[in-house]
Structures are given as structure tokens and as C-alpha cells.
Amino acid sequence: MELWLLNGFSTATLALMVVGGVVLVAVVASSLATRRYPALVGGENNEMVGVVLSLFGAIYGIILAFVIVNLWTELQDAQKGVAAEATAVSQIVRDARAFPPDTRAAVDGAVRDYVHAVVEQQWPLMRDGRGDFAVTVAKMDAAYDALLAFQPQSPSEQAFYAKALTASTTSPASAATASWSAAANCRCCSRC
């Protein structure tokens, strides 16, 4: 339920709704309390209330700081995973330049399909809290199969082939790491 809020409203709108809602509830509760209990306005406990509210404010600030640092760290981890995967995929495409045109075209097409599947299918699923690695694994397997179908002849082809195979075997792991670590570390809902 919370995801439609996060995906449907801008951050500024959500902040305004939360802060405005809390302030509105506080003002209404305060006015109702002073009408119902007029002795509270000039009461003898007002000084103690200030001390207790300061204590709660300090505790809230510390907890909020920890939450922000945790979210920031998770964001950085996800960015590192995406960067590692993008590097591996671009390495495969660069190494495929050394192959014959038909093999290069097959590898390029398979990698293009994989990247489109990640961006157009996997990321929206992850945004909705339903990330599924199975959506993209078949596309990466197709790229790996295109590499396996090629038999390098020259020493330079063999060197680029070895690098491309290494990158193709690390890319799914990077995808799993980026996708599933982000989903596993997500605390936005019970579905992740």
C-alpha cells in the first residue's frame, strides 16, 4: 500500500502531506484539549512538559539520523551494483568487437535485449516491491550462449573471448547482487 504513495507523489508533496498532517493533528488535539481541560493552559506541569518534549525530540533526532544514514548506505550499495553490472555489460560489448560480424551481431543483440529487460521489466518490478531475477536471467543466458557458440581462432580473439566470458559470468552475479541486495535491504514494506 505504501508503494503507491511513494510512486504516485513527488517527495515535496509527500513531505507537505506528512508534516502538514502532523501539524494539523497537533493543532486540533491541542485546541480540543484546552477546551475540554482549561486548567491545562496555566497548569503547574507546563515546565515538565517542555523537558519531556525536548527529550523526545532528541531521541527522535538520533533515530532519524540513523535511518537516513542507513538509507543513504543502501542507495550507494545499489548504485555500486548497477555500476558494476553496467561495466560488465559494456565490457562484453567492447570485447565482442574483436569477433567476426555475425558473432558480434548476435552478442550485441543479446546484450541489448538483456539491458532492455533490466530497465523496462526488472526495475519497474523492483520499484513496485516485486523484483524477480528470473525476468532477466534468460536474456543474460542468451548472451552467454551467443559467446559460447563462437570458437576463437587467433590469439587476439582468444584473449577478447576470455575477457568477454569472464564479464558475462560476473554480470548475472552483479545483477543478482544489485537487484536482490536492494530488495533484501528494503524496509519500505513487508513484501520486499
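Which residues is Val 107 in contact with, leaving aside its neighbours within four places in sequence? I opened the notebook with this point and found Ile 92, Ala 96, Ala 146 and Leu 147. I note at the outset that the model is a predicted one.

**Entry 1. Overall layout**

I looked up the secondary structure and found six helices and zero strands in the protein chain. Read along the sequence, the pattern is α-α-α-α-α-α. I then checked burial: of the 192 residues in the chain, 23% are buried. I also looked at how contacts span the sequence. Among those between residues at least 6 apart, 67% join residues at least 24 apart.

**Entry 2. Confidence**

I checked the confidence of the prediction before going further. The average pLDDT of the protein chain is 80, and 83% of the residues score at least 70. Among the elements, α4 has the highest mean pLDDT, 89, whereas α6 has the lowest, 61. Over residues 172-192 I found that pLDDT stays under 50. For that stretch the model has 35 contacts beyond four places in sequence. I recorded a caution here: where pLDDT is low, the predicted coordinates should not be read in detail.

**Entry 3. Val 107**

I returned to the residue of my opening question. Val 107 lies in helix α4. Its relative accessible area is 0%, so Val 107 is buried. I also looked up its separation from Asp 145: the two are 38 residues apart in sequence, and their C-alpha atoms are 8.7 Å apart in space.

**Entry 4. The largest nonpolar core**

I next asked which members of the largest nonpolar core touch the most other members. The core has 18 residues, and the answer is Ile 92, Phe 99, Val 107, Val 111 and Leu 147. At least two residues each come from α3 (46-96), α4 (101-127), α5 (134-148) and α6 (155-185). Helix α4 gives the largest share, five residues. For Val 111 I listed the contacts outside its neighbours within four places in sequence, and these are Val 89, Ile 92, Val 93 and Ala 143.

**Entry 5. Helices α4 and α5**

I examined how these two helices lie against each other. Their axes come within 8 Å and cross at roughly 170°. The crossing angle is over 145°, so α4 is roughly antiparallel to α5. On the α4 side I noted that the contact includes Thr 103, Ala 106, Val 107, Ala 110, Val 111 and Tyr 114. On the α5 side, Val 135, Thr 136, Lys 139, Met 140, Ala 143 and Leu 147 are among the residues that make the contact.

**Entry 6. Thr 136**

Is Thr 136 buried or exposed? I found a relative accessibility of 1%, so Thr 136 counts as buried. The residue is placed in helix α5. Not counting residues up to four places away in sequence, Thr 136 touches Tyr 114, Ala 117, Val 118 and Gln 122. I noted that these four also appear among the α4 residues of the contact with α5.

**Entry 7. Aromatic rings**

I searched the whole structure for aromatic pairs and found one. The ring centres of Phe 99 and Phe 150 are 4.6 Å apart and the planes are at 35°, so the pair is tilted. The pair links distant parts of the chain, as the two residues are 51 apart. Phe 99 sits in the loop between α3 and α4, and Phe 150 in the loop between α5 and α6. I checked their accessibility as well, and both Phe 99 and Phe 150 are buried. Phe 99 was already in my notes as one of the core residues that touch the most other members.

Definitions and conventions:
Residues are numbered from 1 along each chain as its sequence is written. This is a predicted model: local features need pLDDT of at least 70, side-chain atom pairs count only at pLDDT 80 or more; totals for chains, interfaces and linings use all residues. Side-chain values use heavy atoms; hydrogens and water are left out. A nonpolar core is a set of buried Ala, Val, Leu, Ile, Met, Phe, Trp, Tyr and Cys residues joined through side-chain atoms within 4.5 Å. Buried means under 20% relative accessible area, exposed over 50%, partly exposed in between (1.4 Å probe, protein chains only). Contact means heavy atoms within 4.5 Å. pLDDT is the predictor's confidence in each residue, from 0 to 100. Rings of Phe, Tyr and Trp (its six-membered ring) pair if their centres lie within 6.5 Å; planes under 30 degrees apart count as stacked, over 60 as edge-to-face and the rest as tilted. Axes are lines fitted to C-alpha atoms, for helices over the stretch in contact, and angles run from 0 to 180 degrees between N-to-C directions. Angles under 35 degrees count as roughly parallel, over 145 as roughly antiparallel, 65 to 115 as roughly perpendicular and the rest as oblique.
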